[in-house]
Amino acid sequence: MTAGNKENVRVFDAGAKGRGLKASKEFSTGEVVFAEPSYSAVVFDSLAFQVCHCCFRRQAQLHRCGQCRFAHYCNRTCQTACWEEHKQECAAIRKSGKAPSESIRLAARVLWRLHKDNGLASDSQLVSVDQLQEHVDQLSQEQLQQLQTEVRVLQDYWSYGSKQHSVEYISHIFGIIKCNGFTLTDQRGLQAVGVGLFPNLALVNHDCWPNCTAILNHGNHSAVSSALHSPRRIEVRTLGKISEGEELTVSYVDFLQLSADRQKQLKEQFHFECSCKHCSQHISDDLMMAATDGQDSPIQEVSAFSKESLEKIEKSRLDGDYSEVRHCLCRECLQKQRGVLADTHLHRLRVLSIAAEVLSTLRQFSEAADYARKMVEGYMKLYHPNNALLGMAIMRAGVTLWHAGQIEEGHSLICKAYSILMVTHGPNHSVTRDLEKMRTQTEQELKMLQQNTEVYPPKKQNISSCSTDGSAKAFLREQ
């Protein structure tokens, strides 16, 4: 949060939910309520050599830290910008001989930052980090054993002169991270690449049908001087009009689950019982488990078959066996579901999503477009109209239809996605800028098609013959 927008919110006692944030003024749809740089953040272990440790962008060729040989950066300017955050980590990695897991690295970075700030909240923070909620006392025996192991590893790894912390305090820091860690995505919003801690965002309570969304903006790192870089930050944006005094909420989990499953996930990960309207009234549960009109008896059998097939499909996909995935999807699962499961049934939507993704990877764009279209139709009946995940799904579908040569429908979906992402991401986000380029290009191609149908014969294009720009090609590869 910057000093300029701290006045937009106020902390209040939310009763059983603990603390919360309320709007100090009225907001319109798509406004930034507040922005906040990460207090500390780390790249996931599995992507440590593929993602910049400063701006969290995925890059093909990264520059490696010459001292610890673990941290990777876009270039020297990113490395310089991140040095203050990395220097003690760098020394600790060299001392121990290897980098520990992401949870250890994040906890250590939080401790180093707390020491640097003398444990005090900065002018832009509403509370100090170590005052955030944790639920160590509610962990299972297995989770407690894992926590004890992490504490021991951190004690060996972390150092700050002669200063040492008690097991209780370190456990407290781990508990805060577990309850308040925010997943960071890459610059295209397609893949989770890391986790960070944002103290002010941590005060925003959950609702399955929220009035705000929190999006990572990677900042501008194009300047030669790192001093001119804008830092990575989350932006809390409104999904609709918010009145003065109204509580701000975001969703901690994906809405596309049954209310009981969302409640279970929230209980296990965040240790609270969700009693929001959509959970208490089980809103949309009927749609997510619906059968087609006139069908009742086969739905149990088909649902069970779909669940079993999805497990096989996920395994084959992880193994890279896309031909097997395609066979299971196209010839078995979707055929079995047809006429039995409604277009909003969760199992059908999941299969349609994977089918569109895998077929796009196999460059079977016409077939992928059919599945993507059906998937979006179901999503639009379930998601909040300004849900960021809905916008991203519509964008992927639009790009798929575009590459299938269905330019008019593809352009329509891309425009629809653009209107949603302008609300959730804003005009300066890299995802929105990429989408604007695609929107402009599909509009130009559509005009050419209308002027002379011989230039772009309908449904006969493929990606190699399209005049698609690099960002669109990259986007499709990274679905």
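The following exercises, each with a worked solution, concern a predicted model.

**Exercise 1. The hairpin of E1 and E2**

Task: Determine how strand E1 pairs with strand E2, and describe the turn that joins them.

Solution:
1. Locate the strands: E1 comprises residues 9-13 and E2 residues 19-23.
2. Examine the pairing: five bridges join the two strands, which run antiparallel. Within this pairing, Phe 12 lies opposite Gly 20 of E2.
3. Examine the connection: five residues separate E1 from E2 in a hairpin, and Gly 15 in the turn has a positive phi of about 70°.

**Exercise 2. The sheet containing E3**

Task: State the strand order of the open sheet that contains E3, and identify its edge strands and the helix packed on it.

Solution:
1. Establish the order: three strands are arranged as E3-E11-E10, with antiparallel pairing.
2. Identify the edges: strand E3 (32-37) and strand E10 (212-217) each pair on one side only.
3. Consider the twist, which averages 20° from one strand to the next.
4. Inspect the pairing of E3 with strand E11 (residues 233-238): five bridges join these antiparallel strands. Ala 35 has Glu 235 in E11 as its bridge partner.
5. Add the helix: H13 (residues 407-424) packs on the sheet and touches E10 and E11, and its direction makes about 110° with that of E11.

**Exercise 3. The sheet containing E4**

Task: Describe the open sheet that contains E4, explain what is left free at its edges, and place the helices that pack on it.

Solution:
1. Establish the order: the three strands follow the sequence E4-E8-E7, and their pairing is antiparallel.
2. Reason about the edges: strand E4 (40-43) and strand E7 (181-185) each have a single partner strand, so one side of each is left without a neighbour in the sheet.
3. Consider the twist: neighbouring strands of this sheet are turned by 30° against each other on average, direction ignored.
4. Inspect the pairing of E4 with strand E8 (residues 192-197): four bridges join these antiparallel strands. Val 43 is found opposite Gly 194 in E8.
5. Place helix H2 (residues 102-116): H2 packs on the sheet through contacts with E4 and E8, its direction making about 155° with that of E4.
6. Place helix H4 (residues 167-180): H4 packs on the sheet through contacts with E7 and E8, its direction making about 55° with that of E7.

**Exercise 4. The nonpolar cores**

Task: Identify the residues that touch the most other members of the largest nonpolar core, and the element that contributes its largest share.

Solution:
1. Begin with the members: the largest nonpolar core has 70 residues, of which Val 110, Leu 154 and Leu 248 touch the most other members.
2. Assign the share: H2 supplies eight residues, the largest share of this core.
3. Note that another core, of 59 residues, lies apart from it and includes Phe 365, Ala 368, Met 375 and Leu 421.
4. Follow one residue: leaving aside residues up to four places away in sequence, the contacts of Leu 248 include Val 9, Leu 21, Val 33, Val 204 and Ile 242.

**Exercise 5. Residues in the loops around H6**

Task: Decide whether His 271, His 282 and Ser 284 are buried, partly exposed or exposed.

Solution:
1. Recall the cut-offs: buried means under 20% relative accessible area, exposed means over 50%, and partly exposed lies in between.
2. Place His 271 in the loop between helix H5 (259-270) and H6. Because its relative accessibility is 10%, His 271 is buried. Its phi is near 65°, a positive value in a residue other than glycine.
3. Place His 282 in the loop between H6 and H7. Because its relative accessible area is 45%, His 282 is partly exposed. The phi of His 282 is also positive, near 55°.
4. Set these angles in context: most residues other than glycine have a negative phi.
5. Place Ser 284 in the loop between helix H6 (277-280) and helix H7 (285-288). Because its relative accessible area is 11%, Ser 284 is buried. Not counting residues up to four places away in sequence, Ser 284 touches Phe 255 and Leu 382.

**Exercise 6. Helix H14**

Task: Compare the span of helix H14 with the expected value, and name some of its buried residues.

Solution:
1. Take the span: H14 (residues 430-451) has 22 residues and reaches 32 Å from its first C-alpha to its last.
2. Compare: this span is close to the 32 Å expected at 1.5 Å a residue.
3. List buried residues, among them Val 431, Leu 435, Met 438, Thr 442, Leu 446 and Leu 449.
4. Apply the helical repeat: an α-helix has 3.6 residues a turn, so residues three or four places apart point the same way.

Conventions:
Residues are numbered from 1 along each chain as its sequence is written. This is a predicted model: local features need pLDDT of at least 70, side-chain atom pairs count only at pLDDT 80 or more; totals for chains, interfaces and linings use all residues. Side-chain values use heavy atoms; hydrogens and water are left out. Buried means under 20% relative accessible area, exposed over 50%, partly exposed in between (1.4 Å probe, protein chains only). Contact means heavy atoms within 4.5 Å. The expected span of a helix is 1.5 Å times one less than its number of residues. Two strands pair if DSSP finds at least two bridges between them. Axes are lines fitted to C-alpha atoms, for helices over the stretch in contact, and angles run from 0 to 180 degrees between N-to-C directions. A nonpolar core is a set of buried Ala, Val, Leu, Ile, Met, Phe, Trp, Tyr and Cys residues joined through side-chain atoms within 4.5 Å.
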